[in-house]
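Work through the following exercises with the coordinates open beside you, and try each task before reading its solution.

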Amino acid sequence: MMFEKSSEIRHRFPGAVAMPRTEAPNGARIAPLKVAILLCTFDGQDYLAQQLESFEAQSHPHWEVWASDDGSEDDTRAILEAYQQKWPKGTLRLHVGPAAGFAANFLSLACQASLVADYYAYSDQDDVWEADKLVRAVKWLQSVPQNVPALYCTRTRLVDAGGNEVGLSPLFSKSPSFANALTQNIAGGNTMVFNNAARALLREAGEGLSVVAHDWWAYMVVTGCGGTVFYDRAPTVRYRQHDGNLVGTNATWVARFERIRMLWQGCLRNWNDRNIAALGQLRDKLTPENRKILARFAAARQMRLIPRLIHLKSSGIYRQTLLGNLGLIAAAIFGKI
């Protein structure tokens, strides 16, 4: 079997970084590919057991759960401890979260020094995974050189509190990119699986960042640093919509009007401030082209109307839908970006 030279890989994948080889010379894996499921919980007793059972049902059997509970006052910890006893030793590890919100909790897990696996899957506490979720993710991730940051994400099947299907998340057709990631996240963290090269970037940036959301941050980091993102159109998660959701789907008209209200209150501008500041931690890892995109985007936000519109257009930023891009233009016109 012929292996690509490291220089050839770096040419094809600008974000390639040095990673240890885990393949034998004949291409056979030395050990089964292990997926670490990064599960964050907070008062999740109502649906947590169903999520854990869906881990058990995975076609890819080589996984372990790293759960971080952020101060639950219900039976969440008791449920986790029960499964810790039920499953083989070491299958579920329980940690105490930083009590600083869901994004900080997820980043605290992703940056754990003792965490070692081939791939890492973010998981919410109240969804249900389709049985082939990890198989599909691992199959694609294996196709990417190990030293290239890679992120797999998917569409979701929307279900109500009782688990009844109510629709699908929006289907995005435009290519994933940093120019898109600066303005939106194309998939939820509950669908994301990423490799060690992507995790190395998250760890380098650190867990103490004031990012808006862990999944949006992952999308920006991987695309910005020359990695590759695959958006799978097949839904692999039953995404539960209920009153306790910290973050729900954006597919309904109620959600769209809520986003408009938040835009006018300045939320989008605040989010962009935070994301731009966080990206400063990885400036040297951004590709030259993406450094230019970020610089143009950041500078344009401080300009007067006409220069602002011209520089935002030249930055190349975009959203996935016509309605989303119209909203982006409106935000730019009224200085809400």
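## Exercise 1: The nonpolar cores

In the largest nonpolar core, which has 59 residues, the members that touch the most others are Leu 38, Tyr 122, Leu 182, Phe 194, Trp 217 and Ile 337. The model is a predicted one.

Task: Determine which helix gives the most residues to this core, and list what Leu 38 touches beyond residues up to four places away in sequence.

Solution. Begin with the helices: α8, residues 214-224, gives the most to this core, with seven residues. Next take Leu 38, which, once residues up to four places away in sequence are not counted, touches Trp 66, Phe 106, Leu 109, Ala 110, Leu 115, Tyr 120, Ala 121, Tyr 122, Ser 123 and Phe 194. Finally, another core of 29 residues lies apart from the largest one, and Trp 63, Ile 79, Leu 141 and Val 193 are among its residues. As background, nonpolar side chains in soluble globular proteins tend to be buried together.

## Exercise 2: Strand β4 and its partners

Task: Establish how many residues of β4 are buried, which way the side chains point, and in which sense β4 pairs with β9.

Solution. The first step is burial: five of the five residues of β4 are buried, and the strand is thus mostly covered. The second step is direction, where Tyr 119, Ala 121 and Ser 123 point one way from β4, while Tyr 120 and Tyr 122 point the other way. In general, side chains of a regular strand alternate between the two faces of the sheet. The third step is pairing: strand β1 (residues 35-41) runs parallel to β4 and is joined to it by five bridges, with Ile 37 standing opposite Ala 121. The pairing of β4 with β9, in contrast, is antiparallel and extends over three bridges, and the bridge partner of Ala 121 in β9 is Val 193.

## Exercise 3: Aromatic rings

Task: Classify the aromatic pair formed by Phe 106 and Tyr 122, and decide whether these two residues are buried or exposed.

Solution. The structure holds eleven aromatic pairs. In the pair of Phe 106 and Tyr 122, the centres are 5.1 Å apart and the planes make an angle of 75 degrees, and the arrangement is edge-to-face. The pair links distant parts of the chain, since Phe 106 belongs to helix α4 (residues 102-110) and Tyr 122 to strand β4 (residues 119-123), 16 residues apart. Both residues are buried. Elsewhere among the rings, Phe 55, Trp 63, Tyr 83, Trp 87 and Trp 129 are linked by ring pairs into a cluster, and Lys 133 lies over the face of Trp 129, 4.7 Å from the ring centre.

## Exercise 4: Two polar residues

Task: Explain why Asn 190 counts as buried and why Gln 50 counts as partly exposed.

Solution. Asn 190 lies in the loop between α6 (178-181) and β9 (193-195), and it counts as buried because its relative accessibility is 2%, where the cut-off is under 20%. Leaving aside neighbours within four places in sequence, Asn 190 is in contact with Tyr 122, Asp 124, Asp 127, Trp 129, Lys 133, Thr 156, Val 237 and Tyr 239. Gln 50, placed in helix α2 (residues 48-56), has 42% relative accessibility and therefore counts as partly exposed. With the same sequence neighbours left aside, Gln 50 is in contact with Asp 127, Val 128 and Arg 240. The C-alpha atoms of Gln 50 and Asp 126 are separated by 7.6 Å, although these residues are 76 residues apart along the chain.

Terms used. Residues are numbered from 1 along each chain as its sequence is written. This is a predicted model: local features need pLDDT of at least 70, side-chain atom pairs count only at pLDDT 80 or more; totals for chains, interfaces and linings use all residues. Side-chain values use heavy atoms; hydrogens and water are left out. Rings of Phe, Tyr and Trp (its six-membered ring) pair if their centres lie within 6.5 Å; planes under 30 degrees apart count as stacked, over 60 as edge-to-face and the rest as tilted. Helices (H or I, at least four residues) and strands (E, at least two) are DSSP runs, numbered from the N terminus. Buried means under 20% relative accessible area, exposed over 50%, partly exposed in between (1.4 Å probe, protein chains only). A charge sits over a ring if NZ of Lys or CZ of Arg is within 6 Å of the ring centre and within 35 degrees of the ring normal. Contact means heavy atoms within 4.5 Å. A nonpolar core is a set of buried Ala, Val, Leu, Ile, Met, Phe, Trp, Tyr and Cys residues joined through side-chain atoms within 4.5 Å. Two strands pair if DSSP finds at least two bridges between them.
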